Amino acid sequence: MRRAGTVAMLAALLLTALVLTTKAAGTAAADDPPHAYHRLDRISASLAKDPLFVDPDVSHALDESERARVRRAIGETSRSLGVPAYVVVVPNQGDSESQGRDEAFLFALHKRAGRDGLYLMANSRGGLESEAFRVPRRHRDSVLDEDEPGSWRPADTDRPFDDLAQRITERLNGYATAPSASPAMPRLYSTPDPFGKENELTPAEPEISAPLLTGLLLAGPAAAVLLYWAGIGVLALLRRESTPRDKRRPARHSAAWTEPSMRRLRRLAAKDVGALRQALATADAERGRSYAVSAYDAAQILYDDAKEDEDRAIDLVGAIVLARQGQVALSRDSSDPPVPCAVNPLHGDSVTRRRLAKLTHKVLPKPCPLCESCADVEKRQGLTDRHLLKVPGPGRPRPHTAIPGVWRDTAWGATGKKFLPRVMRYLGVE
């Protein structure tokens, strides 16, 4: 009996391990986990009581007098529009539910709140984004030029909150005084990857499935590994909760962003070029359309020509950068989208410039445009050569700064004013 009980227990343990392993590979691909939207639900509940939400992580962004000023502007705008207006001041890091995309955050917040109206957001860098959901006004959602009222960009990026209250008030007033129009819904041209699956292969890039016997043999160790890392995750979460908010660091980018494969670069380029193509077909933009059209033409040529050639991997990065800039040009209706992070252009828009002392590759501009994650690394320990984007190449991956050509010469648009024309000349298009 004891032996039979032991066998039954072992069988149960093996079955449990198999279930755990299957769930790790299967159910993770289902819906987003419930905790993925806790922050959105918390903000939505707060907005139901107060149209201004300031996250504790950026409580210093607006003092009490500035908050009172913004609340008055919200009330005046709401009465003028005839619909609610909301203002949210909140960090939006790359590992958030919207993957650091402010417009995606506003769309998600509107969906979770279930209330139409004007939604305006300020992030931890002082950048403004706004979306009007069935608001009876014709308004350019974002004004890029720094000298215009309600600019998306702070006048001083090193002191991003100095003019925040003023810019929020101006943006709200811009909507209140805009010409009347039929209420309409904006469009989000591309959605973030599902929560926790940013690096997952697409169905067109299948992973090899093991036979059933191999799966059974590996089920126990895999489940043990899964449980181990689950414990590590819980401990990390507990440590994070015990860490003061003002000591928390911006999210770091994974190794997939530092040393991507050709397959990943092709996938990213296809996704971003496709999103720009869709945006061009539907966006109502004047100042940004010309730049977006040229960026799309260049990105499509770069993507088509690069194919699987590792010698052209850097051009795939260029296609991604241009496609993203084209989308920004349309969404903000601007002919001058921000340059990417020059240490790793795949990180997205730069938010500040810093002088880098530890990098041995001296071709980067001085000061160097950095994304928020790289700026944090530079502040804490200094960026080194290992933080540079490395692209596939014959033999081994190479730092992007070691590859001569238009991308290095222009520092991805950080030097000079003719980035896109230089790229078009490189492609032989005038």
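**Figure 1. Val89 of strand 2 stands opposite Ala122 in strand 3.** This is a predicted model, and our tour starts where these two strands meet. Strand 2 and strand 3 (residues 117–122) run parallel and are joined by 5 bridges. On strand 1 (residues 52–54), look for Leu52, which stands opposite Val87 in strand 2. Strands 1 and 2 also run parallel, with 3 bridges between them. Follow the chain from strand 1 through helix 3 (residues 64–81) to strand 2, and you have traced a left-handed β-α-β unit.

**Figure 2. Strand 2 (residues 85–89) is mostly covered.** Of its 5 residues, 5 are buried. In a regular strand, side chains alternate between the two faces of the sheet. Here, Ala85, Val87 and Val89 point one way, while Tyr86 and Val88 point the other way, and all are buried.

**Figure 3. Ring pairs link Tyr86, Phe107, Tyr119 and Phe133 into a cluster.** The structure has a count of 6 aromatic pairs. One of them joins Tyr86 and Tyr119, whose ring centres are 4.9 Å apart with planes at 45°, so this pair is tilted. Tyr86 belongs to strand 2 and Tyr119 to strand 3, so the pair links distant parts of the chain, 33 residues apart. Tyr86 and Tyr119 are both buried.

**Figure 4. Trp407 and Phe419 form an edge-to-face aromatic pair.** Their rings are 6.2 Å apart, centre to centre, with 65° between the planes. Trp407 lies in helix 12 (residues 406–410) and Phe419 in helix 13 (residues 419–426), so the pair ties together parts that are 12 residues apart in sequence. Both Trp407 and Phe419 are buried.

**Figure 5. Helix 10 (residues 313–331) is largely enclosed by the rest of the structure.** The reason is easy to check: 17 of its 19 residues are buried. Its length makes sense too, because 19 residues at 1.5 Å a residue should span 27 Å, and the end C-alpha atoms are 28 Å apart, which agrees. Just after the helix, keep an eye out for Asp333, which takes a positive phi of about 50°.

**Figure 6. Two arginines lie over aromatic rings.** Arg332 lies over the face of Trp152, at 3.9 Å from the ring centre. In the other view, the charged end of Arg266 sits over the ring of Tyr303, 4.1 Å from its centre.

Definitions and conventions. Residues are numbered from 1 along each chain as its sequence is written. This is a predicted model: local features need pLDDT of at least 70, side-chain atom pairs count only at pLDDT 80 or more; totals for chains, interfaces and linings use all residues. Side-chain values use heavy atoms; hydrogens and water are left out. Helices (H or I, at least four residues) and strands (E, at least two) are DSSP runs, numbered from the N terminus. The expected span of a helix is 1.5 Å times one less than its number of residues. Buried means under 20% relative accessible area, exposed over 50%, partly exposed in between (1.4 Å probe, protein chains only). Two strands pair if DSSP finds at least two bridges between them. A crossover is right-handed if, with the strands pointing away from the viewer, the path from the first strand over the helix to the second runs clockwise. Rings of Phe, Tyr and Trp (its six-membered ring) pair if their centres lie within 6.5 Å; planes under 30 degrees apart count as stacked, over 60 as edge-to-face and the rest as tilted. A charge sits over a ring if NZ of Lys or CZ of Arg is within 6 Å of the ring centre and within 35 degrees of the ring normal.
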